[in-house]
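Visitor: Hi, could you walk me through this one? I'd like to start with how the chains meet and then look at some rings.

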Protein chains: 2
Amino acid sequence: MVYSIIGTGGIGGYYGGRLAQNGKDVNFLLHSDYEYVKANGLRVDSVNGDFHLDSPKVYDDATKMPVSDVVLVCLKTTNNHMLPELLKSVADEHTVVILIQNGIGVEEDVQHMMPKLQLVAGLAFICTAKVAPGHINHQCYGHINLGNYSCKDEARLEQIISDFNEAGIKAHCVEYKTARWRKAVWNMPFNGMTVALETQTDTLLKNKATRELIREQMMEIVRATKHMGIEGVDEAFVEDMIATTDVMTPYSPSMKLDHDFHRPMEIKYIYSKPLQIAREAGMPMPKLEMLEAELKFIEEQQK
Amino acid sequence: MVYSIIGTGGIGGYYGGRLAQNGKDVNFLLHSDYEYVKANGLRVDSVNGDFHLDSPKVYDDATKMPVSDVVLVCLKTTNNHMLPELLKSVADEHTVVILIQNGIGVEEDVQHMMPKLQLVAGLAFICTAKVAPGHINHQCYGHINLGNYSCKDEARLEQIISDFNEAGIKAHCVEYKTARWRKAVWNMPFNGMTVALETQTDTLLKNKATRELIREQMMEIVRATKHMGIEGVDEAFVEDMIATTDVMTPYSPSMKLDHDFHRPMEIKYIYSKPLQIAREAGMPMPKLEMLEAELKFIEEQQK
């Protein structure tokens with residue numbers, strides 16, 4: 001199977017790197033780091049073992065990449081308007097396109113732009129970042145849940161999961177909506193609150209008032225999903241997410257890093273879309289709505 | 001009638017100053033500015049006409065002040081633990097004590113400390129500040145609503161209103177709960193949001209997302225008061241508060257000034273008490289609850 005990685009940052013570099021290290025045929029699309037990686041290869045420092053790819057197959061132009069069996073989209077959703085151009089050569093109707101992206105409603109919008117694509121949601125539970133050109137640092141976790149949105153080729157999806165697990169990436173299939181909304185339970189409170197209060201995960205959880213606020217925001221998602229008949233998002237999962245975050249090293253979620261480095265924040269898919277879905281279903285999430293408004297204000301002021 | 005002003009800042013200096021200028025017998029309690037005002041008098045710059053009190057009756061010790069017919073308490077609620085000491089000489093069971101303070105639940109707590117006091121809530125609609133020692137700057141508005149909490153002496157209350165109006169201070173009586181909750185409609189959104197987003201009233205209203213958020217926070221108060229049977233807090237009043245703020249010059253509410261100058265914020269009476277009352281009545285105010293949590297976090301981080 002031919003794999004292509006669209007966006008070789010912390011996520012794409014780590015997962016693509018692991019697959020290539022395991023002997024899979026992997027093509028990497030790079031942007032600013034293209035010349036560096038072409039000359040020096042890709043370095044991955046990982047809690048699961050460091051490795052170096054001396055001669056990865058790299059491209060700086062998506063239209064020159066081969067049609068692939070599997071495409072991992074590892075871009076921020078703020079770049080999704082570029083996907084029709086980026087995918088037009090690399091993906092056809094036989095390709096399985098895995099969107100390893102944050103938020104709710106991503107597949108719906110990408111499918112609307114490209115109706116023939118076979119889409120799968122990729123929910124990565126991983127702390128990883130690009131720390132220098134061609135240099136990925138994978139700090140913790142690493143498993144990925146796949147939620148089938150519109151992939152009819154079940155056999156290929158099973159092969160992908162098998163390839164991932166062979167390469168040391170724990171992967172398995174979960175129900176699509178459950179997968180996306182479970183990820184939202186962590187993403188919605190922590191991404192925005194670290195930006196709004198200019199802090200990190202550990203400080204939010206150490207303060208009594210914000211610890212309770214984080215829990216209440218998570219419970220808004222529990223109530224909304226229950227109301228919509230989406231399974232697997234319950235109070236026990238909320239407590240698990242808080243306990244997991246309690247033992248993490250102080251962490252800046254992706255939106256906090258985006259804000260710190262003056263990149264656009266993924267407000268649309270992490271907040272606006274899920275808030276709209278819950279509101280239209282008759283179970284609004286008021287505290288997360290307030291957070292959305294604060295983030296929109298902060299983004300506007302930053303311009 | 002003998003008036004005493006406990007706390008000669010923007011509010012106490014302006015109202016007390018106007019009464020003295022009009023020939024009333026007014027005693028002022030001062031703290032850091034005592035020596036200055038004793039030597040130089042009190043200067044009031046006002047949109048309604050500047051004036052100067054050459055020899056106001058000033059005190060630096062509340063226990064030396066005479067028993068008074070009327071006491072205006074113009075301290076921040078964060079100092080209310082000092083009230084039994086500050087009022088023990090100046091107020092007896094015949095005195096009408098007007099608490100010109102922010103928030104909900106203030107009278108209840110003061111009455112609990114001093115059961116015999118005759119308490120009246122004073123809701124000041126005024127932009128005024130102490131800008132230098134003995135120098136008050138009154139920028140806009142100025143009327144005061146009085147809400148009777150436990151004053152049995154109706155005749156004296158009418159005399160007070162008459163004295164105020166004679167001195168050029170528009171004053172009238174309104175139902176106690178209505179008065180306090182109407183004030184909260186402006187106070188709760190704007191005080192906290194200007195702190196949370198480090199901004200001013202005009203910027204909050206110019207941004208589409210926060211303008212809508214402010215309106216929704218005000219509507220939480222409308223729904224809670226309606227649920228509790230408190231009259232006079234409706235959607236029309238919300239629109240009026242927003243329209244009034246639209247035409248104000250860019251304004252930093254008292255909590256924003258407290259935060260900027262590293263003074264304690266009045267979180268307890270502006271947020272915690274009314275939020276608790278609404279929650280216990282079965283109509284919580286979730287967006288304002290979130291704001292309370294953010295403010296507690298911000299205060300904790302500032303220490």
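**Chain contacts and ring pairs**

Guide: Sure. One thing up front: this is a predicted model. As for the interface of chain B and chain A, the rule finds two salt bridges across it.

Visitor: Which lysine does Glu289(B) pair with, and how far apart are the closest N and O atoms?

Guide: The partner is Lys287(A), and the closest N and O atoms sit 3.1 Å apart.

Visitor: Which elements of chain B give two or more residues to the side that touches chain A?

Guide: Four helices of chain B: H6 (176–196), H7 (201–206), H8 (208–228) and H12 (286–302).

Visitor: And which of them gives the most?

Guide: H12(B), with 12 residues on the side that touches chain A.

Visitor: What's the mix by class on that side of chain B?

Guide: There are 12 nonpolar residues, seven charged and six polar.

Visitor: OK, and how many residues does each chain put into the contact?

Guide: Chain A brings 25 residues, and chain B brings 25 residues too.

Visitor: How much area do they bury between them?

Guide: About 1900 Å², with 73% of that on carbon and sulfur atoms.

Visitor: How many residue pairs are in polar contact across the interface?

Guide: The rule finds two such pairs, both at pLDDT 80 or more.

Visitor: Switching topic: how many aromatic pairs turn up over all chains?

Guide: A search of the whole structure gives 10. One is Tyr15(A) with Phe164(A), whose ring centres are 6.3 Å apart.

Visitor: Why is that pair called tilted?

Guide: The planes are at 40°, so the pair of Tyr15(A) and Phe164(A) counts as tilted; under 30 degrees would be stacked, and over 60 edge-to-face.

Visitor: Where do those two residues sit along chain A?

Guide: Tyr15(A) is in helix H1 (residues 10–21) and Phe164(A) in helix H5 (residues 154–166). They are 149 residues apart, so to speak a link between distant parts of the chain.

Visitor: Are Tyr15(A) and Phe164(A) buried or exposed?

Guide: Both Tyr15(A) and Phe164(A) are buried.

Visitor: What about Tyr15(B) and Phe164(B)?

Guide: Their ring centres are 6.4 Å apart and the planes are at 40°, so that pair is tilted. Tyr15(B) lies in helix H1 of chain B and Phe164(B) in helix H5 of chain B. Tyr15(B) and Phe164(B) are both buried.

Visitor: Back to chain A: which residues do ring pairs link into a cluster with Tyr15(A)?

Guide: Tyr14(A) and Phe164(A) join Tyr15(A) in that cluster.

Notes
Residues numbered from 1 in each chain as written. Chains lettered and ligands numbered in written order. Predicted model: local features only at pLDDT ≥ 70, side-chain atom pairs only at ≥ 80, totals over all residues. Heavy atoms only, no water. Contact = heavy atoms within 4.5 Å. Buried area = accessible area lost by both parts, 1.4 Å probe. Salt bridge = Lys/Arg side-chain N within 4 Å of Asp/Glu carboxyl O. Polar contact = N/O pair within 3.5 Å; in protein donor to acceptor, adjacent residues only side chain to side chain. Nonpolar A, V, L, I, M, F, W, Y, C, P; charged D, E, K, R; others polar. Phe/Tyr/Trp six-rings, centres within 6.5 Å; stacked < 30°, edge-to-face > 60°. Buried < 20%, exposed > 50% of the residue type's maximum accessible area, 1.4 Å probe, protein only.
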